[in-house]
Amino acid sequence: MLIAIDHFVLTANDMDKTISFYCDVLGMTLEEFTPSDGGEARKSLKFGNQKINLHRAESPYKPHANNPVSGAVDICFLSSAKIEEWQSIFVEYNIKIEDGPVQKTGATGPIISLYIRDPDLNLIEISNKL
């Protein structure tokens, strides 16, 4: 039976902008790793026990999704920082809040969320459990 998501992949048009957004704004850590097949070094973003692998839009790592495009992801991140702290961070970085704070239903119950866009226009939801 499935127990967790190990990682997912984001396709980035501009790797530097993507890395800056996820590391500088959202507080993730950049890591490089060498694939088990010994190919070219790859980049990933880490937070907690989670990992996001990054693919360049012009040359995604194989195998990849049938149609790897940037801007197609809609993801929710749970945060220990309060929504009000995130509002301040987004103001500081001049990031438009698309929606929120608004109450939603998360995987384990009610959450309060803010919606923003990353540099590739993926929809990013930052949430607190209620």
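Trainee: Which side chain does Glu-31 meet in a salt bridge?
Mentor: Lys-46, with 3.8 Å from N to O. Keep in mind that this is a predicted model.

Trainee: Where in the chain do the two residues sit?
Mentor: Glu-31 is in strand β2 and Lys-46 is in strand β3. They are 15 residues apart, and the pair links distant parts of the chain.

Trainee: Why can such side chains pair at all?
Mentor: Opposite charges can pair when the charged atoms come close.

Trainee: How many salt bridges does the structure hold?
Mentor: There are 3.

Trainee: Back to β2 and β3. What is the strand order in their sheet?
Mentor: The order is β1-β4-β3-β2, an open sheet of 4 strands with mixed pairing. β1 and β2, the latter covering 29–33, are the edge strands, and each pairs on one side only. On average, neighbouring strands are turned by 35° against each other, direction ignored.

Trainee: And β3 with β4, parallel or antiparallel?
Mentor: Antiparallel, over 5 bridges. As one example, Ser-44 stands opposite Asn-53 in β4.

Trainee: Which strands does helix α1 lie across?
Mentor: Helix α1, residues 15–25, lies across β1, β2, β3 and β4. The helix runs at about 165° to β4.

Trainee: Now the other sheet. How are its strands ordered?
Mentor: That open sheet has 4 strands in the order β5-β8-β7-β6, and the pairing is mixed. β5 and β6 stand at the edges with a single partner strand each, so one side of each has no neighbour in the sheet. Here neighbouring strands are turned by 30° against each other on average, direction ignored.

Trainee: In what sense do β5 and β8 pair?
Mentor: In the parallel sense, over 5 bridges, with β8 covering residues 123–129. Within that pairing, Cys-76 has Glu-125 in β8 as its bridge partner.

Trainee: What holds strands of a sheet together in general?
Mentor: They pair through backbone hydrogen bonds, either parallel or antiparallel.

Trainee: Which helix packs on the sheet with β8?
Mentor: Helix α2, residues 83–92, which touches β6, β7 and β8. Its direction makes about 5° with that of β7.

Trainee: Switching to pockets. What volume does the largest one have?
Mentor: About 490 Å³. Of its 19 lining residues, the closest to the centre are Ile-5, Gln-50, Cys-76, Phe-77 and Leu-78. Cys-76 is the residue we just met as the bridge partner of Glu-125.

Trainee: Which strands supply at least two residues of that lining?
Mentor: β1 (7–12), β4 (50–56) and β5 (74–78). The largest share, 4 residues, comes from β5.

Trainee: How does the lining split by class?
Mentor: It has 11 nonpolar, 5 polar and 3 charged residues.

Trainee: And the second largest pocket, what volume?
Mentor: About 290 Å³. Its lining includes Met-15, Glu-32, Arg-42, His-55 and Tyr-61.

Trainee: Which strand gives the most there?
Mentor: β4, with 3 residues. Both β3 (42–47) and β4 supply at least two residues of this lining.

Trainee: What about classes for this one?
Mentor: The residues divide into 5 nonpolar, 2 polar and 5 charged. Among the residues of the lining are Glu-40, Lys-43 and Arg-56.

Methods. Residues are numbered from 1 along each chain as its sequence is written. This is a predicted model: local features need pLDDT of at least 70, side-chain atom pairs count only at pLDDT 80 or more; totals for chains, interfaces and linings use all residues. Side-chain values use heavy atoms; hydrogens and water are left out. On a 1 Å grid over the protein atoms alone, a cavity is a set of points where a 1.4 Å probe fits but cannot get out, and a pocket is an open set with protein on both sides within 12 Å along at least five of seven lines; lining residues have an atom within 4 Å of a point. Grid points are joined across faces, edges and corners, and a volume is the space filled by probe spheres set on the points. Ala, Val, Leu, Ile, Met, Phe, Trp, Tyr, Cys and Pro count as nonpolar, Asp, Glu, Lys and Arg as charged, and the others, Gly among them, as polar. Two strands pair if DSSP finds at least two bridges between them. Axes are lines fitted to C-alpha atoms, for helices over the stretch in contact, and angles run from 0 to 180 degrees between N-to-C directions. Contact means heavy atoms within 4.5 Å. A salt bridge is a side-chain nitrogen of Lys or Arg within 4 Å of a carboxyl oxygen of Asp or Glu.
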